[in-house]
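User: I should like a close look at a single part of this protein: the open sheets and the helices that pack against them. Please give one connected account.

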Amino acid sequence: TTKLIPENENNYKMIEDIKKELTIDNPEYIDKIRRKTWIGNTPMKIKLYEVKNNSLITGPGFISRLGSGMDYNILLESNNENCNINFKGKLYKYQNRVFDLIYNYFKDRGYFRGIISSPTGSGKTIMAVAIAAMTNKKVLWLVNSNDLMEQAVEAFNKFTLQECGRLNASNKQHIDNFNICVSTIQTLQKLTDNEFDLINNIYDCVIVDECHHTPAKYFTEALSKLTPVFMLGLTATPIRKDGMQEQMFNILGDIIYQINRDELKESLIFPKVEIIKIRELIECFVSSDNYIEYLKEVVFNQRRFDITLEIFKKYHKQTALILVEFVELGEMYKNEIQKLFPNKTVEFVHGSMKKVDRKRIIQDTRDGKIDILIGTKLAREGLDIPILNELFLFTPKKGDSTKDIANGTTLEQEIGRI
């Protein structure tokens, strides 16, 4: 935490300004007003701070916003053992710029809070592995799905040649055997206070992957109990359509570096994006106010379904990923595309299937055994299969724009799969 201490009149005024900055609109309240549902005790505002003994307590991520005019204590200290993790990979120029910035910041201050915003496909994982190794601290890497956990383990095995621990319900007492431990945030949130003490006495470097999820209650509760001297967030889409990125900044710190697409041109190949317009009238008898039912009416329309199959048949040439919104729709595409391409291997991966089957399909795709992979939104974040070089988005996009924020979060995540 960061403890702000008002020792003079100027400090008091600054603290009042900080309180205003850390009081944000409650998206749950706004959503209830929009949907005209019962508000109950839902507060209009959310306070990202608390007041104790005339001092203001806020998240450690707020450190980066404090200027020299404020007296404050940073309650971050560690007596944990250092460790040696050797990074064996090679970074691109734009990745080295980020590495150098964070290295100098951490070296000068002895602590770090911040976020790297980097487009999908830009190599956030390898960059963060190099940064984690630089800290000489034991590393806790946090993800929000089991698939991302396995990808993180593979990355550390590849680029550090070190075995990773996996924090789960059956493996809490042996995590001190590893310099690197990977956990889902869901597992972390279920730990007892004593188990959090164990974690805090071992790991001084915490990496939060897909950190735009931080404002979720289970994320916030878990991250607020961690006390590392180094905490880094990774995301391609830091601005949320509900406006709750301020909660993320309060815990993880501000965006310390935002990689833009121009920087990537020196090292990466960009996919060609083609928008195919369907100029046909599709009958829909559901109000667009009920978005999910409206979407189902559109995507399950037989004429539209047939048109998308024709498009796929025309443009499919290499290893392809098809993203859909509903499991039933994915099964329909799998069956029909297999008929169109009887000599190709077609698979469908979704969140309802067994973990072992999902893992096998993803690995088979990486190994070149699958020609066409169909996936639900499970594949929207973090899916890392380098062999994929075609992407078909067969679900209409509502868009991520709000009255105040216009962004392409969903498309950014999806296009980054290839």
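The account below takes the sheets one after the other, together with the helices around them.

Analyst: The structure is a predicted model. The protein chain holds 15 helices and 17 strands, and 49% of its 418 residues count as buried. Among contacts in the chain with a separation of 6 or more, 75% join residues 24 or more positions apart.

I begin with the sheet of 7 strands. This sheet is open, its strands pair in parallel, and their order is β9-β10-β8-β11-β12-β7-β13. Strands β9 (165–167) and β13 (255–258) form the edges, each pairing on one side only. On average, neighbouring strands of the sheet are turned by 20 degrees against each other, direction ignored.

At the β13 edge, strand β7 (residues 112–117) runs parallel to β13 and is joined to it by 3 bridges. One residue pair can be named here: Ile116 has Tyr257 of β13 as its bridge partner. Helix α9 (residues 245–252) packs on the sheet, where it touches β7, β11 (205–208), β12 and β13. The direction of α9 makes about 135 degrees with that of β7. Helix α3 (residues 93–109) lies across β7, β12 (230–235) and β13, and runs at about 160 degrees to β13.

Helix α3 also has a helical partner. It packs with helix α4 (residues 124–134) at an angle of about 25 degrees, the axes being 10 Å apart. The two helices are therefore roughly parallel to each other, and their crossing is right-handed. On the α3 side, the residues that meet α4 are Gln95, Val98, Phe99, Ile102, Tyr103 and Phe106. Their counterparts in α4 are Ile126, Met127, Ala130, Ile131 and Met134. Helix α3 thus takes part in two kinds of packing, lying across strands β7, β12 and β13 and meeting α4 through the residues just named.

A single residue in helix α8 also deserves attention. Thr220 is found in α8 (residues 217–223). Its relative accessible area is 14%, so Thr220 counts as buried, the cut-off being under 20%. A polar atom of the Thr220 side chain lies 2.9 Å from the backbone oxygen of Thr214. Leaving aside residues up to four places away in sequence, Thr220 touches Thr214, Pro215, Gln247 and Ile251. Of these, Gln247 and Ile251 fall within the residue range of α9, 245–252, the helix that packs on the sheet and touches β7, β11, β12 and β13.

I turn now to the sheet of 4 strands. It too is open with parallel pairing, and its order is β15-β16-β14-β17. The edge strands, each pairing on one side only, are β15 (346–349) and β17 (390–393). Neighbouring strands are turned by 20 degrees against each other on average, direction ignored.

Within this sheet, strand β14 (residues 320–323) and strand β16 (residues 372–375) run parallel and are joined by 4 bridges. Leu323 has Gly375 in β16 as its bridge partner. Strand β16 also pairs with β15 in the parallel sense, again over 4 bridges, and Phe348 stands opposite Ile374 in β16.

In a regular strand the side chains alternate between the two faces of the sheet. In β15, Val346 and Phe348 point one way, while Glu347 and Val349 point the other way. All of these residues are buried, Glu347 included. Helix α14 (residues 355–366) lies across β15 and β16 and runs at about 135 degrees to β15.

Helix α12 packs on the sheet as well, touching β14, β16 and β17, and its direction makes about 170 degrees with that of β17.

The last pair to consider is α12 with helix α13. Two packed helices are described by the angle between their axes and the distance between the axes. For α12 (residues 302–315) and α13 (residues 327–340), the axes come within 11 Å and cross at roughly 45 degrees. This angle makes α12 oblique to α13. Their crossing is right-handed. The contact involves Arg304, Phe305, Thr308, Leu309, Phe312 and Lys313 of α12. From α13, the residues taking part are Leu329, Met332, Tyr333, Glu336, Ile337 and Leu340. Helix α12 therefore has contacts both with α13 and with strands β14, β16 and β17 of the sheet.

Technical notes:
Residues numbered from 1 in each chain as written. Predicted model: local features only at pLDDT ≥ 70, side-chain atom pairs only at ≥ 80, totals over all residues. Heavy atoms only, no water. Pairing = 2+ DSSP bridges. Axes fitted to C-alpha atoms, helices over the stretch in contact; angles between N-to-C directions. Contact = heavy atoms within 4.5 Å. Buried < 20%, exposed > 50% of the residue type's maximum accessible area, 1.4 Å probe, protein only. Polar contact = N/O pair within 3.5 Å; in protein donor to acceptor, adjacent residues only side chain to side chain. Parallel < 35°, antiparallel > 145°, perpendicular 65-115°, else oblique. Left-handed = near helix turned anticlockwise from the far one by under 90°.
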